[in-house]
Amino acid sequence: MNRTDFLRTLAGGALTAGALANHTFAGNSGTILVETAPFKQNPLPYDFAALEPSIDKMTMEIHYGKHHAAYVKNLNDAVKGTEFEKKSLEEIIKSAGKAPAAIRNNGGGHWNHTFFWEVMGPKKGNGPTGAVSDAINAQFGSLDKFKEEFGKAATTRFGSGWAWLVAKGGKLSVGSTPNQDNPLMDVSELKGTPILGLDVWEHAYYLHYQNKRPDYIKAFWDVVNWEKVAKNMKKA
């Protein structure tokens, strides 16, 4: 079985899961930081096909219904019977360097994916306005220059990881983290409040784009929910 057939097989399983019913709302990614076990997966804020053609329906079904769901399940299993069972997700994330690998990786995976779903939306990629546009222009010179810097961070992240736009000390910066780490973690070299994030694990794009990560990154801009990005910046 080749990689594409394998992913299609996973999708078939995902389609049967009760968690994959279409939903019309999402929880606030900021609120999940205060959650304690058992952690839960928020409903997807749009239909699985809503991001096509940038992100295809089958990839969304697998990504949300298999990968993200697994992070939530594995996190609950990992914290059971440990001191981390009573800690909030924020406490787990911010002390990730002291947590076992299973808790660090799955805790990050849960938060990162919840954040990721919310910074995208159908037909949202018209570009930033207002304070977000002003901040990007002030920091990077133009939207195109920002996209270039962000794209470089996403493209050059070796292996699996994430690209981020973060706010810290009144300034914006771009960078990346490995695996399921994020800029809120004590172990992250990139520090700040995440404003925008992009999953560059192969499972996020391989079914549609194969090994063409730059094409996936380019398509991402067509589905960025800049209204959510603006709200994230206000909370930073």
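**A colleague's note on this predicted model**

1. Let's start inside: Asn232 has a relative accessibility of 3%, so this residue counts as buried. Its home is helix α9, which covers residues 226–235. Leaving aside residues up to four places away in sequence, Asn232 touches Phe115, Val119, Pro194 and Ile195. Please keep in mind while reading that this is a predicted model.

2. Next, the strands. Strand β1, residues 161–168, is mostly covered, with seven of its eight residues buried. Its partner β2 runs antiparallel to β1, and eight bridges join the two. If you would like a pair to look for on screen, try Ala163, which stands opposite Ser176 in β2. The two strands make a hairpin with two residues between them. In that turn sits Gly169, whose phi is positive, about 60°.

3. β1 has another antiparallel neighbour in β3, to which six bridges join it. Here the pair to pick out is Trp164 and its bridge partner in β3, Gly197.

4. Now for helix α2, which spans residues 57–79 and has 23 residues. From first C-alpha to last, α2 reaches 32 Å, close to the 33 Å expected at 1.5 Å a residue. Even so, the helix has a bend of about 30°, located at His63. At its start, a side-chain oxygen of Asp56 comes to within 3.3 Å of the backbone nitrogen of Met58. After the helix comes Gly81, with a positive phi near 75°.

5. How many salt bridges does a search of the whole structure find? The search finds four, and I will go through some of them here. One lies in α2, where the side chains of Lys73 and Asp77 meet with N to O at 2.8 Å. Lys73 and Asp77 are four residues apart in the helix, which means that about one helical turn separates them. Asp77 counts as partly exposed because its relative accessibility is 38%.

6. Another salt bridge joins the side chains of Lys94 and Glu90, again with a listed N to O distance of 2.8 Å. Both belong to helix α3 (residues 89–94), and because they are four residues apart there, about one helical turn separates them. Lys94 is partly exposed, with a relative accessible area of 45%. Glu90 is also partly exposed, at 28%.

7. The salt bridge between Asp181 and Arg104 deserves its own point; its closest N and O atoms are 2.7 Å apart. Asp181 sits in the loop between β2 (171–178) and β3 (193–199), whereas Arg104 is in helix α4 (residues 101–118), so the pair ties together parts that are 77 residues apart in sequence. Is Asp181 buried or exposed? With 6% relative accessibility, Asp181 counts as buried. Arg104, on the other hand, is partly exposed, with a relative accessible area of 26%.

8. Two proline peptide bonds are worth a look. The bond joining Ala37 and Pro38 is cis, with omega about 0°. Pro38 lies in the loop between α1 (3–15) and α2. The bond from Glu52 to Pro53 is cis as well, with omega near 5°. Pro53, too, is found in the loop between α1 and α2.

9. Finally, some backbone angles to check. Asn179 is a residue other than glycine with a positive phi, near 55°. Its place is in the loop between β2 and β3. Asn179 is partly exposed, with a relative accessible area of 41%. Gln210 also has a positive phi, near 50°, without being a glycine. This glutamine is found in the loop between α7 (206–209) and α8 (213–220). Its relative accessibility is 34%, so Gln210 counts as partly exposed.

Note on methods: Residues numbered from 1 in each chain as written. Predicted model: local features only at pLDDT ≥ 70, side-chain atom pairs only at ≥ 80, totals over all residues. Heavy atoms only, no water. Expected span 1.5 Å × (residues − 1). Bend = angle between axes of the 7 residues up to and from the residue. Polar contact = N/O pair within 3.5 Å; in protein donor to acceptor, adjacent residues only side chain to side chain. Buried < 20%, exposed > 50% of the residue type's maximum accessible area, 1.4 Å probe, protein only. Pairing = 2+ DSSP bridges. Contact = heavy atoms within 4.5 Å.
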